[in-house]
Amino acid sequence: MKKDKTEQVLGLIRTLKFEFHELSSKKPNDQVNTFKLKYVNQAIKAANEVLKENKPYNEFEEFKEEDLPTNSDVLMILSLYLNAF
Amino acid sequence: MDTNKQIEMDTIVRPRLNDYHGILLLQDKVDYAIPFINEDIPLFVDPFLLWKSPSQMDNGIHNTILDSFNYIGHLAQKGEKEEAIRQLIMASECDAVGLGSSKTRKGRRIGESTANEIVSLFGIIPQLKSSGFTHLEEIQLLVDKIAKDRISDIACNFMSSFLIDYTQQNCIDAGIPMEMVKNISVYDVKSHSFKEEDVELPVNPNTHEPIWLVPKRWLRFSPWISQDEYFSNYYPEKVDRGDFFKDRIKVLMYNRANFDLVKGYIEERERTFKDCKNDPLFMQIPITSAKRKIGGIKALPTGKIDNADKKYEEAVVQLMASLLYPHLDFAQAQSRTESGTQIRDLIFYNNQSLPFFKDIFDTYGSRQIVFELKNVDSLDRNNVNQLNRYLNENLGKFGIFVTRHQPSKAIQKHLIDIWSGQRKCILVLDDNDLQMMVDIFENKQRLPYEVIRKKYSEFIQRCPS
């Protein structure tokens, strides 16, 4: 069961990373809209639950909407999460 | 006026009817132009917009206006010239709609001689005698001293009954209080005369004069069939090829004798009706222009060399008003003097249309949001204290500096101390923040105001809890 969940989250993070790689290569400094950010945050939360103490940064839980993260910010974090798996 | 409300209104810059009643309206979201309390809206009703409108109701109202106006000619021909002149004078001014360039919301009716001149047209021009006017705007091409403001007012008076119903309906929808106003002159279409009626209408709190709302889709800066356009384009091109009259009065006289030329002009304007659009109450600058403006701002030196401060202020005013539209309605750019220094502010109505701005209203009591513009290398304590004194219970305790660079550590600490001691929030936007707002404006993924929200949450995080 646990393995399934890990696989599922890993799949999500991998797909998101691919998508943000595309976005970021075109417009790295564009702000991410709230729709995309909502689903990135859902994936990161799920990853935090799976990774527990192995998550990349202790103080990083999720993106805050008002921080206006850019495509490259999101890509960096997703890459770090992918490495952590 | 209620004394408390009077005090509140004195502190609001360019108050509108809804501000007086504490009702939140966003100009973009309502069908009518929100009236100002102390001045007119600088637009006019263009009857041509009713004529070309796809709406049957608008076309119907246009016909009513013309029928009523042509009835004046009918009266004159019947030998009731005095009644015709009386009606025309009554119709010639409409303060209740508050349109035009007056600073006082008070206009004057036309004189008897001008009214006589207009009424006489029905007798001297055969085409008008037989079939009347097809557009009210034709008067401008035949009589001197009749321009867009008169056309607009005459149209409004002849559709007064509709405008009153429209006003009442919209006031009920928005919750704007009305009171019984006695002896309002309303044009009765059936009897073709002005009658006095007692009706419920919103009133101007200062003067107790009634206010009528006007649909914004009927407003233009100048009418489609316009005197200026006729004189500067059509007349020199199509009628007079250089050796004719240069004098307007003579042209008007010539037009009366050669009414077919006026008809030709009207037909041409009717053919090109597709190009006639209402003028928006606020014009947002396009993205390319916003990018040019931010480029220009960044290239300016700080200080007053070569009027850099004036150029900076001008560019920021245009940029901010557009970046924050339609979520904040721009009220005014205004200057105030404090301790001998000229200070430029940008004031927005806080319509609380977004949760962030509602939060600012709830926390700091800001019914208007103040931006203070400073083209200085670095903010000093004096600058901060000036804005701090300006922020008070009435204006609200939230203000934003727009300046060139982030403030020094000492000033940042000073701003936090002001928040801790007086619960006043002062944010600072610099060139980079403006650039970010423009980028967001361009890429459309987020809204430019979110940069202010970001600055606010960063500021609050630094404040002691």
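**Reading chain B: strands, cores, domains and contacts**

Strand E5 (residues 329-338) and strand E6 (residues 341-349) of chain B pair in the antiparallel sense over 9 bridges. This is a predicted model, and the dialogue below starts from that pair.

User: Which residue of E6(B) stands opposite Phe330(B)?

Analyst: A good way to read a strand pair is to pick one residue and look across. Here Phe330(B) faces Phe348(B) in E6(B).

User: And how many bridges join E6(B) to strand E7 of chain B?

Analyst: There are 6 bridges between E6(B) and E7(B) (residues 368-374), again in the antiparallel sense. For one example, Ile347(B) has Val370(B) of E7(B) as its bridge partner.

User: Happy with the strands! How should I read the nonpolar cores, and how many residues has the largest one?

Analyst: The general idea is that in soluble globular proteins nonpolar side chains tend to be buried together. In this model the largest nonpolar core has 65 residues. Those with the most contacts inside it are Val45(B), Leu88(B), Val119(B), Ala155(B), Phe158(B), Trp212(B) and Val214(B). Helix H4 (residues 56-77) of chain B gives the most to this core, with 6 residues. Another core, of 44 residues, lies apart from it and includes Leu328(B), Ile369(B), Leu379(B) and Val402(B).

User: Let me zoom in on one residue. Which residues is Phe158(B) in contact with, leaving aside its neighbours within four places in sequence?

Analyst: With those neighbours set aside, Phe158(B) is in contact with Thr64(B), Ile65(B), Ser68(B), Phe69(B), Ala91(B) and Tyr187(B).

User: Now the whole chain, please. What domains is chain B divided into?

Analyst: Chain B is divided into domain 1 (31-275) and domain 2 (287-462). Their centres, taken over C-alpha atoms, are separated by 42 Å. The C-alpha trace of chain B spans about 85 × 55 × 45 Å along its principal axes, and the chain has 19 helices and 9 strands. Of its 465 residues, 38% are buried. To read contact order, take the contacts between residues at least 6 apart in sequence: in chain B, 68% of these join residues at least 24 apart.

User: Last one: how many residues of chain B are in contact with chain A?

Analyst: On chain B, 8 residues are in contact with 8 residues of chain A. Helix H18 (431-443) and helix H19 (450-462) of chain B are the elements that give two or more residues to that side. H19(B) gives the most, with 4 residues. By residue type, the side of chain B that touches chain A divides into 1 nonpolar, 3 polar and 4 charged.

Technical notes: Residues numbered from 1 in each chain as written. Chains lettered and ligands numbered in written order. Predicted model: local features only at pLDDT ≥ 70, side-chain atom pairs only at ≥ 80, totals over all residues. Contact = placed C-beta atoms within 7 Å. Nonpolar A, V, L, I, M, F, W, Y, C, P; charged D, E, K, R; others polar. Domains from an automatic or database assignment. Core = buried A, V, L, I, M, F, W, Y, C linked by C-beta atoms within 7 Å. Buried ≥ 20, exposed ≤ 12 C-beta atoms within 10 Å, placed from the backbone. Pairing = 2+ DSSP bridges.
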